[in-house]
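Trainee: I should like to go through this model with you, beginning with the cysteines. May we start?

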Amino acid sequence: MIIDRLYGEVKNKGNVCVGLDTCLDYVPDNMMDRNASVEDILFEFNKRVIDATIDIVPCYKVQIAFYEAYGLRGMSAYKKTLEYIRNNGSIVIADIKRGDISSTAQMYAKAHFEGDFESDIITLNPYMGFDSIIPYLDYVEKKDKGLFILLRTSNGGAKDIQYLSVNGNEKLYNHVGDKLKEIALKYMGRCGYSSIGAVVGGTHLEEAEEIRNRLDNMFFLIPGYGAQGGKGSDVAHYLKNGNGGVVNSSRGIITAYKKYEDGIEKFDEYIRKAALNMKEDISSGSKVL
């Protein structure tokens, strides 16, 4: 199962998930060839980031909006990026956050688990109802695919909906988590986690231990590190013995070169350094728990 593979990659390479939220503003001047297309520029940037980190990180998260914004050429760069990651033996998470009725969800599943935009794992939004998840489950069971489902996110507006009280003092996100855990139990890997995991923002430390204990069999995708304020000692609370989750960083890694005067010349070196520093920060945070 895909979760066993991801678990193994985390065990060998640490918890850093590189987020390829790529836009032209992030691209160094020496990659901005006037004769090159947007497709070529975005893909070349991503390729450089991937080549600099693929031996030290377990997976990549590619946020589709950054490619949709550039139209057909952007989506071609998206396709090439997914293929490059998978063809080089790494795991790709397509951050698409879909959530719709079953007939539409069937087509979303086909679009992102087959064909031009095939990925290993996708993100989903369950807040339209749990029946919106059902069409993806056949791919989890039969095609070695996985899901990361939004649970409690890292943005400030999360409290507008996810923290609403249900059944007395129960938070909505806990109710959603309990339902997701029931579904996840049907797709367990040998590693003790399910191929259906949850997106849990790493900026709300006060609920971390409760969520980790309550969803003990669910693997986490943890955003919020770096630019959003999360530190290694924070996100470590969502892990179990250093595993059980991957921690995403996008800008903190892919724009790391901008912090240095010689950043353009040593682009690859500083990208790799940022990923290694993050890896060590999370590892150190896990050891002190």
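Mentor: Certainly. Cys 23 is buried, because its relative accessibility is 13%. Please bear in mind that this is a predicted model.

Trainee: Why is Cys 23 too far for a bond with the closest cysteine sulfur?

Mentor: The closest cysteine sulfur belongs to Cys 17 and is 18 Å from that of Cys 23, whereas a disulfide requires the sulfur atoms to be within 2.5 Å.

Trainee: How many disulfides does the count come to?

Mentor: The count is zero. Cys 17 is in no disulfide either, as the nearest cysteine sulfur, in Cys 59, is 3.7 Å away.

Trainee: Is Cys 17 buried or exposed?

Mentor: Cys 17 is buried, with a relative accessible area of 0%.

Trainee: Turning to the rings, how many aromatic pairs does the structure hold?

Mentor: There are ten aromatic pairs. One of them joins Tyr 67 and Tyr 78 in a tilted arrangement, 5.6 Å centre to centre with 50° between the planes. Tyr 67 belongs to helix H3 and Tyr 78 to helix H4, eleven residues apart.

Trainee: Which residues outside its neighbours within four places in sequence is His 112 in contact with?

Mentor: Tyr 78 is one of them, and the list also includes Ile 64, Arg 98 and Glu 118. His 112 itself lies in helix H5 and is buried, at 3% relative accessibility.

Trainee: And which ring does the charged end of Arg 152 sit over?

Mentor: That of Tyr 173, with the charged end 5.9 Å from the ring centre. Arg 212 lies over the face of Phe 220, at 4.0 Å from the ring centre.

Technical notes. Residues are numbered from 1 along each chain as its sequence is written. This is a predicted model: local features need pLDDT of at least 70, side-chain atom pairs count only at pLDDT 80 or more; totals for chains, interfaces and linings use all residues. Side-chain values use heavy atoms; hydrogens and water are left out. Helices (H or I, at least four residues) and strands (E, at least two) are DSSP runs, numbered from the N terminus. Buried means under 20% relative accessible area, exposed over 50%, partly exposed in between (1.4 Å probe, protein chains only). Contact means heavy atoms within 4.5 Å. Rings of Phe, Tyr and Trp (its six-membered ring) pair if their centres lie within 6.5 Å; planes under 30 degrees apart count as stacked, over 60 as edge-to-face and the rest as tilted. A charge sits over a ring if NZ of Lys or CZ of Arg is within 6 Å of the ring centre and within 35 degrees of the ring normal.
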